[in-house]
Amino acid sequence: MPDYRRNRVKGGCYFFTINLLERGNNTLLVENIDYLRKIVKDIRLQHPFHIDGWVILPEHMHCMWTLPNGDSDYSMRIRLMKGMFSQGLPKTEWLSSVRRNSGERGLWQRLFWEHTIRDDNDYVRHMDYLHYNPVKHGYVKRVCDWSYSTFHTLVERGVYPSDWGGDVDDISVGEPG
């Protein structure tokens, strides 16, 4: 297996994109949101991390975590999350011969995208991207209408105004007329 190089900063803040294998019309993550939340809670008890932001979409998620001082093992946490989620669901997915022969489930893409947050501006840009993602993908017209997001908690804390991101119908794109 290739050696994927990942940036590791002990106690760092990271942005992740984690995808299901089949992205099409898959709604597995939101259909099993309570189970996913329980898994994350259980993992955090054994391997703490701070959730800066998170949005769960039907077939992928974006999250931003800050790890404890001296800890840079985000891969283990993601591996546990994917594994525990997969173990708790019935085996109904199609498996390629490669996955079948290696004993893998066919739920998740093998890899995930990671970005180490560099500074305050980078942090804000990634938090905004994360929370705006349901609008970007057309699931809702306003950020506040997507329930599977830390946006609502951050509104309560005064980080975002409740109308942040506006309304898709209010946004004009392209040339007039």
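The following legends describe close-up views of a predicted model.

**Figure 1. Overall arrangement of secondary structure in the predicted chain.** The chain contains six helices and four strands. Along the sequence, these elements follow the pattern β-α-α-β-β-α-α-β-α-α. Of the 177 residues in the chain, 43% are buried. Among contacts between residues at least 6 apart in sequence, 67% join residues at least 24 apart.

**Figure 2. Lining of the second largest pocket.** This pocket has a volume of about 240 Å³. Its lining comprises 13 residues, and those closest to the pocket centre are Arg-37, Ile-51, Trp-54, Ile-56 and Thr-150. Two elements, α2 (33–46) and β2 (50–56), each give two or more residues to the lining. Helix α2 supplies the largest share, six residues. Classified by residue type, the lining has seven nonpolar, three polar and three charged residues.

**Figure 3. Helix α5 and its kink at Leu-130.** Helix α5 covers residues 120–136. Because a rise of 1.5 Å a residue gives an expected span of 24 Å for its 17 residues, the distance of 23 Å between its end C-alpha atoms agrees with expectation. The helix nevertheless has a kink of about 30 degrees at Leu-130, shortly before the proline Pro-134. Both Leu-130 and Pro-134 are among the buried residues of α5, together with Asp-122, His-126, Met-127, His-131, Asn-133 and Val-135. The cover over these buried positions includes the strands β1 (13–19), β2, β3 (60–66) and β4 (113–116), as well as helix α6 (151–156).

**Figure 4. Helix α3 and the elements that cover it.** Helix α3 consists of 14 residues, numbered 74–87. From its first C-alpha to its last, α3 reaches 20 Å, close to the 20 Å expected at 1.5 Å a residue. The buried residues of α3 are Tyr-74, Ser-75, Met-76, Arg-77, Ile-78, Met-81, Lys-82, Phe-85 and Ser-86. What covers them includes the helices α1 (28–31) and α2, along with the strands β1, β2, β3 and β4.

**Figure 5. Surroundings of Val-30 in helix α1.** Val-30 has a relative accessibility of 16% and therefore counts as buried, the limit being under 20%. Beyond its neighbours within four places in sequence, Val-30 is in contact with Ile-56, Leu-57, Pro-58, Trp-146 and Tyr-148. Tyr-148 lies 118 residues from Val-30 in sequence, yet the C-alpha atoms of the two residues are 7.7 Å apart in space. Ile-56, another contact of Val-30, is also one of the residues closest to the centre of the second largest pocket.

**Figure 6. Leu-111 in the loop between α4 (97–102) and β4.** Leu-111 counts as partly exposed because its relative accessibility is 38%. Its C-alpha atom is separated by 9.5 Å from that of Thr-17, although the two residues are 94 residues apart along the chain.

**Figure 7. Asp-163 in the segment after α6.** With a relative accessibility of 56%, Asp-163 lies over the 50% limit and so counts as exposed. Asp-163 and Val-143 are 20 residues apart in sequence, and their C-alpha atoms are 7.7 Å apart.

Conventions
Residues numbered from 1 in each chain as written. Predicted model: local features only at pLDDT ≥ 70, side-chain atom pairs only at ≥ 80, totals over all residues. Heavy atoms only, no water. 1 Å grid on protein atoms, 1.4 Å probe; cavity = no way out; pocket = protein on both sides within 12 Å on 5 of 7 lines; lining within 4 Å. Points joined across faces, edges and corners; volume = space filled by probe spheres on them. Nonpolar A, V, L, I, M, F, W, Y, C, P; charged D, E, K, R; others polar. Expected span 1.5 Å × (residues − 1). Bend = angle between axes of the 7 residues up to and from the residue. Buried < 20%, exposed > 50% of the residue type's maximum accessible area, 1.4 Å probe, protein only. Contact = heavy atoms within 4.5 Å.
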